[in-house]
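Me: Please take a close look at one part of this model, a sheet and whatever is recorded beside it. I would like the definitions stated as you go.

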Amino acid sequence: MSTAETNLPPRIRVIPPGPRSVALGRRLRAVESPNVTFLSDEFPIFWRKARGSNVWDTDGNRFVDLTAGFAVAGAGHRNPRVVTALRRQLAQLLHGMGDVHPPEIKVRLLERLAAISPFSDTRTILANTGSEAIEAALKTARLHTGKPGVIAFTAGYHGLTYGALAATDRELFRVPFEDQLNPHVVRASYPHPFRPPAGLEAADDIGAASLADVQRLLDGSGGDSIGCVIIEPVQGRGGDVVPPGGFLAALAELCRTRDVVLVFDEIYCGLGRTGYMFAGEHDGVSPDLLCIGKALSGALPIAACLGPAEVMDSWPESTGEAKHTSTFLGNPLACAAALASLDEIDRLGLAARAREEGARFIEQLQVLAEHHACVGEVRGRGLMIGIDLVRDPDTKEPDPELAGRLIRAALRRGWLLLAGGPEGNVISLSPPLTISRALLDSSVRILDELLLEASAGPSSAAD
Ligand SMILES: Cc1ncc(COP(=O)(O)O)c(C=O)c1O
């Protein structure tokens, strides 16, 4: 299948959500916990099939997915080589005994991860979700240092299982469970150049301020019990925030001098998305532990926590009962998808593609922003891009309502978008890394039109 066939423009047959999606929404409301899927008159569409950059809904509409399904479909939806690998695996083995009698393909995947890892002698713990990979990293840091304390960052997102949730910074997720969360997590300010912490200006050295924050926590009361710093090298759900150059290297150096394990959560930003295999490479820095997920398989639930032997070997050798495992660990289908997906990232040069196309795309969006007062900033790295929408360019007050109107209007025209940032005011773009330049160019034109319409207010044509 040609690139053109996997990068088709939108085709709307019935205004989404169409009647089939609406009917499925009603059925879902009756059977799913109400917290899970957001249902309204205008949301959601129900997916039927996907291919490359396109998704088709149950009403026959064709969309362009500028989210890659939560940044999962890095090598494109239903990548043919991933599908072939899955077919082959389907004919062999669907389930193994991950930590007892493992599927042979688990070994191949672990060897492959060791080959792409930034460490020279890599050991890996496989997981089923990103959150679980974070749990493995937090446990590893605890075992390695003997210290329970963790420094996480403002607006960081590491998942919603209890261990990961303690490191995640979003009231919406935390408040109902606050009294059950690990009390050993403290927070430093993430260096957000566009939205610096109170008391600082954008022109100030935001990176130095954030480092000083980490230092203060390490030196303060309880600092001796801190054994782990966890950070997203580029914040994803926090609003596509890129730290200033040199910050990650300085943070790594600080952690090294204080014997603190540095965890890079690259579940969102890793595997080519920001223009390098790992986002830490922008600063030429490796962490002590590295978590990946999402685009690892591009399809099935699998994630991993990687580390050098000297850190990972803090885990005791199994004597029959693994201290950290799960029923589906190293699931053969997920391993097959991951191996094929990693091959595709490599074969198609997707990191370099993200770097080149992303730079061009960001530049075009930044030009567009000059014509829209409601765009406070366009930022990003590679194909991980945020459009920060504001009510007023001077106060930079976030405008989540505008983001919502824009996303709904885009959906009606066949473009899938997501809101990011703690306030939900950032249009978060993370298309498949295989997306065509033509589609990226069309998306700039559409965003231009939609911003014009949506910023005219709730009763405008965009609404
Ligand atoms: C940076 C980061 N870490 C961890 C997670 C959690 O991954 P999962 O949803 O697979 O548990 C996410 C999910 O969006 C993420 O973006």
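Reply:
**A sheet and its surroundings**

Four strands, taken in the order β1-β2-β3-β13, make up an open sheet whose pairing is mixed; strands here are DSSP runs of E with at least two residues, helices are runs of H or I with at least four, and both are numbered from the N terminus, while two strands count as paired if DSSP finds at least two bridges between them. The model is a predicted one, in which local features need pLDDT of at least 70 and side-chain atom pairs count only at pLDDT 80 or more, whereas totals for chains, interfaces and linings use all residues. Residues are numbered from 1 along each chain as its sequence is written, and side-chain values use heavy atoms, with hydrogens and water left out.

The edges of this sheet are β1 (47–51) and β13 (415–416), and because each has a single partner strand, one side of each is left without a neighbour in the sheet. At one edge, β1 is paired with β2 (residues 54–57) in the antiparallel sense through four bridges, and lysine 49 is found opposite tryptophan 56 of β2. Two residues separate the strands of the β1 and β2 hairpin, where glycine 52 adopts a positive phi near 65 degrees. At the other edge, β3 (residues 62–65) and β13 are paired in the parallel sense over two bridges, with valine 64 having tryptophan 415 of β13 as its bridge partner.

Upstream of β1, in the loop between α1 and β1, lies proline 44, and the peptide bond that joins it to phenylalanine 43 is cis, with omega about -10 degrees. A further cis bond runs from proline 16 to proline 17, with omega near -5 degrees, and proline 17 belongs to the segment before α1 (19–31). As background, most peptide bonds are trans, and most residues other than glycine have a negative phi. Aspartate 240, which is not a glycine, nevertheless has a positive phi of about 55 degrees, and this residue sits in the loop between β7 (226–231) and α9 (247–257).

A further open sheet has four strands in the order β11-β12-β15-β14, paired antiparallel. Its edges are β11 (375–381) and β14 (418–420), each with a single partner strand, so one side of each lacks a neighbour in the sheet. Neighbouring strands of this sheet are turned by 30 degrees against each other on average, direction ignored; axes are lines fitted to C-alpha atoms, for helices over the stretch in contact, and angles run from 0 to 180 degrees between N-to-C directions. Three antiparallel bridges connect β14 with β15 (residues 426–429), and alanine 419 has isoleucine 427 of β15 as its bridge partner. Across β12 (384–389), β14 and β15 lies helix α13 (residues 400–413), which runs at about 45 degrees to β15; contact means heavy atoms within 4.5 Å.

Turning to the ligand, the residues around it include Thr129, Gly130, Ser131, Tyr157 and Lys294, where a residue is near if one of its heavy atoms lies within 4 Å. A polar side-chain atom of serine 131 is 2.5 Å from a ligand oxygen atom, and a backbone N or O atom of glycine 130 is 2.9 Å from an oxygen atom of the ligand; a polar contact is a pair of N or O atoms within 3.5 Å.

Definitions and conventions. Polar contact = N/O pair within 3.5 Å; in protein donor to acceptor, adjacent residues only side chain to side chain.
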